[in-house]
Amino acid sequence: MTNSPASTATSHRRYFFEKFGITERLLERCLGEALAAGGDYADLYFEAVTSTALGVDEQIVKSASQGTSAGCGVRVLSGERTGYAYTDNLSPDRLLHAARTAALIASGPSKQTVQGFTDTPVGDLYPVPLGGFNLDLAARLELILRADRAARAFDPRIVQVRASYSEELRRILVAASDGAFASDTQPLCRLNVFVIAKDEAISTKGSAGAGGRGGLEIFRETKSPEHLAQEAARGAILQLGAVPAPAGEMQVVLGPGWPGILLHEAVGHGLEADFNRKGTSAFTGLIGRPVASSKVTVVDNGTMEGRRGSLNVDDEGSATQETVLIENGVLRGYLTDKLSARLTGAANTGSGRRESYQSIPMPRMTNTYMLAGDDAPEDILRSVKRGLYAVNFGGGQVDITNGKFVFSASEAYLIEDGKITAPVKDATLIGNGPEALKYVSMVGNDLKLDEGIGTCGKDGQSVPVGVGMPTIKLDRMTVGGTGR
Amino acid sequence: MADTVLPAEFTTVDLESLAADIVAQAVKAGASDAEAVAREGDEFSVSVRMGQVETLKESGSRALGLRVFNGKKSASASTSDLTPDGIRQLVEGAMELVKVTEEDLLNGLPEREEFGAIKDDQKLYFDDVYSLPGPERIEWARRCEAAAMAADARITNSDGGDFNAATGRKVLANSRGFLGSYKTSYAGVSAAPIAVDANGAKQRDGWWSSARSFALLESPESVGAEAARRTVRRLGARRVPTQQVPIVFAPEVARSLIGSVFEAASGDAIWRSASFLAGKLGETIAGPNLRIIDDNVMMLPSGVGGFGTSPFDGEGLPSRRTVIVENGVLQTYLLNTYTARKLGMKSTHNASRGLAGTPGVGCGNLFLEPGTLTPEEIIGDIKAGLYVTSLMGFGTNIVTGDYSRGATGLWIENGELTHAVEEITIAGNLREMLKNVTAIGSDLVFRGAVASPTIRIDGMTIAGA
């Protein structure tokens with residue numbers, strides 16, 4: 001090491017060095033093999049994950065499981081080309097074999113030597129559980145049992161309750177031929193409650209969840225088992241009396257927090273640099289141009305303490321940061337990883353992420369949110385004569401190339417003459433990414449981040465993310481119901 | 001790189017004896033019953049974009065899963081560490097966890113007399129998926145993209161052409177005497193071209209061919225040409241007004257509706273009252289023209305096993321064919337051992353199994369039986385309507401049946417396909433949608449495990465401009 005590492009970085013790294021016998025010399029040899037056929041750049045990504053999950057169902061602790069996996073991915077870049085190989089056996093000969101396989105993306109004489117590493121300064125955004133995975137299972141069971149009790153107590157029409165808790169500890173070590181060297185230990189936990197409500201006529205479902213990067217202290221207040229259980233139960237009971245959602249264009253008010261999934265789908269994915277480098281995004285070529293109303297500022301921030309989408313370093317060993325995507329309605333920049341930054345000449349925003357050692361990294365979001373505005377949420381609702389107020393959502397999806405996106409409301413109400421009236425059934429909202437945010441006419445002063453439940457999929461790779469938003473009003477959005 | 005031969009140590013570990021040994025170790029450690037799964041697989045993929053190689057990936061991995069029982073209590077564990085030390089930790093971990101779970105009276109492995117596996121050669125594995133030399137694999141991806149790019153001058157960009165291949169092996173062993181394993185193979189070729197219209201609006205679509213044997217893949221040229229046709233027809237897409245019209249689902253989207261029927265008829269959703277089909281056994285749930293089948297032993301017309309064919313299910317029960325809907329009447333729920341016991345029924349041999357956790361319910365080759373009309377005849381019968389070619393989002397609620405999804409496709413006017421349509425939703429409720437299937441096409445083709453011919457559904461709402 002050319003820099004003397006911080007003590008936390010040393011402990012993250014020591015895990016791989018001690019448990020798998022990795023040495024700095026071996027890392028250099030592997031990178032040397034990876035570049036032996038003339039690649040421009042190579043990196044090694046070591047990952048070890050341990051996970052635990054517990055579930056209560058019908059008041060019985062029915063399930064408990066744990067998993068461990070470890071492996072290393074070797075990547076070689078040659079121009080715009082990527083060679084990739086991985087192994088779940090971390091012995092030197094298997095690592096060297098993976099390096100030789102990935103090396104073949106290039107063809108030519110070796111033009112790089114690998115000498116020494118420089119530690120990437122690593123943040124301290126989340127606690128590393130002491131004692132690794134000797135978990136206090138009883139304390140974790142108590143969380144799901146409390147959730148179960150609270151959900152069943154909410155209303156006699158709640159006929160089914162399931163609660164689950166899951167936790168993982170992911171250790172990574174990245175060593176690259178450009179000298180980058182980083183390691184991190186990333187905790188992630190999550191509590192979920194699912195309920196079914198039933199009356200004479202129909203059954204409905206409700207769910208709620210919360211989590212983040214940290215320990216059990218996360219599950220307090222709005223993330224307490226009781227609160228989550230009540231939210232899940234309330235949502236299901238509400239749906240028993242829901243009317244058909246309206247169909248067509250109307251004014252839409254989105255509540256604060258998780259409805260920020262709008263940003264993730266409408267603009268976030270379209271601003272990932274890989275799509276823009278290739279010219280395949282609806283946002284390609286729009287930097288400096290208006291893509292939203294002047295009230296809209298959107299950032300992606302990987303440096304928020306304890307958040308589900310946060311990372312001390314990304315999966316290429318680069319520091320994460322806060323990146324302004326849209327400022328007062330004008331598109332400012334894309335999310336980049338090492339490859340897209342190099343090919344486009346843009347700065348690396350520390351957005352290179354991957355699902356596991358078996359996956360090639362690519363630009364991804366972390367925590368994406370809209371900054372607060374000046375409007376009081378009550379004023380926003382009061383300003384709508386007829387529209388939809390949507391406060392909770394299921395998943396969303398976007399077609400990057402034509403910009404069309406959807407997100408599905410799971411709790412929404414009619415707004416009539418400025419007042420919230422009847423709850424409506426599930427409905428999908430649809431819009432066009434580069435246009436939709438131009439119709440944002442009011443932005444609330446109540447910015448809220450989600451409770452830590454988001455998972456984003458891209459090219460078959462899932463990574464944890466966060467979203468956030470204040471209450472906003474869109475003057476025009478299409479609501480996909482069946483009613484009038 | 002494809003010429004790289006993996007060293008022998010990677011393939012000689014006998015996964016069957018390893019799985020059986022883990023079961024024995026768990027029983028020795030005090031488990032009243034145990035079940036182990038072992039998986040190994042390798043993959044190769046190449047992407048070519050704008051004629052240049054973009055990514056090459058080649059690797060393999062293995063993993064183990066263990067479920068242990070202590071009477072009516074159970075727990076599970078998984079690992080990628082196949083060393084004796086890793087296996088010891090796997091067994092110890094599962095045994096430790098079973099201490100914290102509670103008795104569930106219906107929990108347990110199937111009974112001994114239920115186990116079994118199809119003995120016939122189901123033709124699931126062909127080693128020809130890796131027969132192409134490395135440079136030719138790249139060439140297949142390149143040819144597929146090139147065919148798409150050459151098909152139309154408006155195709156000016158691309159998300160690439162791909163060729164990939166994979167093989168895998170699944171092993172299941174338990175303490176009640178079942179030990180089975182099977183190998184599978186897969187090869188695929190695809191293209192995703194991007195077209196631009198006169199106004200600069202971009203559209204992307206794609207097409208693919210996949211098969212268990214390399215010899216059965218369609219040519220990269222035909223796949224590329226079809227990808228181009230699908231992409232170019234999206235150009236000039238516009239919204240249509242909010243209205244109710246007949247909707248025709250192309251096979252590639254109709255199959256998701258059949259998947260929803262399976263999900264809603266799955267035992268786990270049924271015993272929880274978490275399905276619009278709960279309590280509907282023996283009742284009419286769909287139009288009299290509907291016959292839906294889940295056939296886990298099906299052979300494709302080409303003589304190889306279907307994409308969902310297997311010798312045994314996730315609990316070691318022999319795979320079989322199940323008629324789910326006949327003349328519109330729900331014939332059975334889809335069950336594994338646990339959900340069958342919950343409902344006082346017998347397993348339909350539909351257990352699915354991941355590495356860790358309890359078995360779920362999964363389909364094999366799931367399909368809607370074809371009718372007699374060609375897609376052109378179905379479309380030709382409609383004065384004004386929508387032909388849907390892709391769907392977006394997750395707006396299918398199995399509990400209530402409420403359905404609301406983003407859609408793109410082509411407008412039908414006087415029996416002909418006219419302009420492209422985008423940025424609209426289609427909505428209804430599966431209860432009514434299934435009864436309002438007013439036409440079924442003759443065009444059933446298995447491009448994956450779940451398949452449907454073209455279908456027409458009346459009474460749904462389009463939300464648009």
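This report covers the two chains of a predicted model, from overall form to contacts and sheets.

**Chain A overall**

Chain A holds 10 helices and 23 strands. Its radius of gyration is 24 Å, close to the 23 Å that the globule rule gives for 484 residues, so chain A is as compact as a globular protein of that length. Along the principal axes, the C-alpha atoms of chain A fill a box of roughly 70 × 55 × 35 Å. Of the 484 residues in chain A, 61% are buried. Sequence-distant contacts are well represented: among contacts in chain A with a separation of 6 or more, 76% link residues 24 or more positions apart.

**Helix 3 of chain A**

Helix 3 of chain A runs over residues 92–103. At 1.5 Å a residue, its 12 residues should span 16 Å; the end C-alpha atoms are 16 Å apart, which agrees. The buried residues of helix 3 are L95(A), H97(A), A98(A), A99(A), T101(A), A102(A) and A103(A). Which elements cover them? From chain A, the cover includes helix 2 (24–34), strand 2 and strand 3 (81–87). Strand 2 of chain B is also part of that cover. Both chains therefore contribute to the surroundings of these residues, as the cover includes elements of chain A and chain B.

**Where the chains meet**

In the contact between the chains, 63 residues of chain A meet 61 residues of chain B. Strand 2 of chain A (residues 60–78) gives the largest share of the chain A side, 12 residues. By class, that side has 21 nonpolar, 31 polar and 11 charged residues.

Strand 2 of chain A also pairs across the chains. Four bridges join it to strand 3 of chain B (residues 73–79), and the two strands run parallel. Within this pairing, S65(A) has S76(B) as its bridge partner.

**Two domains in chain B**

Chain B is divided into domain 1 (9–231) and domain 2 (237–465). Their C-alpha centres lie 24 Å apart. The contact takes 28 residues from domain 1 and 25 residues from domain 2. On the domain 1 side, strand 1 (33–49), strand 2 (52–70), strand 3, strand 4 (155–174) and strand 5 (179–196) of chain B each supply at least two residues. Which strand gives the largest share of that side? Strand 3 of chain B does, with three residues. The domain 1 side divides into 13 nonpolar, 11 polar and four charged residues. Strand 3 of chain B thus appears in two settings: it pairs with strand 2 of chain A, and it supplies residues to the domain 1 side of the domain contact.

**Sheets of chain B**

One open sheet has five strands in the order 12-11-10-15-20, with mixed pairing. Its edge strands are strand 12 (329–330) and strand 20 (450–451), and each pairs on one side only. A second open sheet has eight strands in the order 8-22-18-17-16-9-21-19, also with mixed pairing. Here the edges are strand 8 (243–244) and strand 19 (437–440), each pairing on one side only.

The table sets out one strand pair from each sheet.

| Strand pair (chain B) | Sense | Bridges | One bridge partner pair |
|---|---|---|---|
| Strand 10 (residues 292–295) and strand 15 (residues 365–368) | antiparallel | four | D294(B) and L366(B) |
| Strand 8 and strand 22 (residues 461–463) | antiparallel | two | Q243(B) and I462(B) |

Key
Residues numbered from 1 in each chain as written. Chains lettered and ligands numbered in written order. Predicted model: local features only at pLDDT ≥ 70, side-chain atom pairs only at ≥ 80, totals over all residues. Contact = placed C-beta atoms within 7 Å. Nonpolar A, V, L, I, M, F, W, Y, C, P; charged D, E, K, R; others polar. Pairing = 2+ DSSP bridges. Domains from an automatic or database assignment. Rg over C-alpha atoms; globule rule 2.2 N^0.38 Å. Buried ≥ 20, exposed ≤ 12 C-beta atoms within 10 Å, placed from the backbone. Expected span 1.5 Å × (residues − 1).
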